[in-house]
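Me: I'd like to go through this model with you, starting with the core and then the aromatic residues. Can we take it step by step?

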Amino acid sequence: MAVSTGKFNTFTFFKLPSAWWCGVRLRYMDKNKAVVTVRHRWFNQNPFKSLFWAVQGMAAEMSTGAMVITQIWKSGQRISMLVASNKANFSKKAVGKITFTCEDGHLIGEALRKTIETGEGQTFWMKSVGTNEDGIVVSTFNFEWTVKLKT
């Protein structure tokens, strides 16, 4: 898989169609940071007319997972990845365009290095913060990722 945001969003259409149809899009990614947006619409809202928590979770997870996928691909190794656990906090009603930013990409390389060297699975936590168009935090997600060499 290529690393550009456009190609990643095409990948999302075929491999994560529920996220794609809900409007979750990768907007920016480098080795350490990823930005994903989603806009509140009728299709992805809850009964309280705000962005459904699961849609926020998809966007937040993508902001972490896109970097994990990319760094695994760049390693040239066959490595599996999985979310083992997550925690979320919702602090404001999510309406309008919500932007999820993760700046924990630096944590991935060390875990990949260790799993390649030792053959043992590794875990690490990554945080994604969702803000509205005014820059106010609406939700914060923490994901515990596991990586392991495929046999």
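**Core and aromatic pairs**

Reply: The largest nonpolar core (buried Ala, Val, Leu, Ile, Met, Phe, Trp, Tyr and Cys residues joined through side-chain atoms within 4.5 Å) has 34 residues, and those with the most contacts inside it include Val24, Phe124 and Val147. This is a predicted model, in which local features need pLDDT of at least 70 and side-chain atom pairs pLDDT 80 or more, while totals for chains, interfaces and linings use all residues. Residues are numbered from 1 along each chain as its sequence is written, and side-chain values use heavy atoms, without hydrogens and water.

Me: Which element gives the most to this core?

Reply: H3 does, with nine residues; helices here are DSSP runs of H or I with at least four residues, and strands are runs of E with at least two, numbered from the N terminus.

Me: OK, switching to H1: which of its residues are buried?

Reply: In helix H1 (residues 5-15) they are Phe8, Asn9 and Thr12, where buried means under 20% relative accessible area, exposed over 50% and partly exposed in between, with a 1.4 Å probe and protein chains only. On the other side of H1, Lys7 and Phe14 are exposed.

Me: And where does the charged end of Lys87 sit?

Reply: It sits over the ring of Trp125, 5.1 Å from the ring centre; the rule requires NZ of Lys or CZ of Arg within 6 Å of the ring centre and within 35 degrees of the ring normal.

Me: Is Phe11 buried or partly exposed?

Reply: Phe11 counts as partly exposed, at 24% relative accessibility, whereas Phe8 is buried at 2%.
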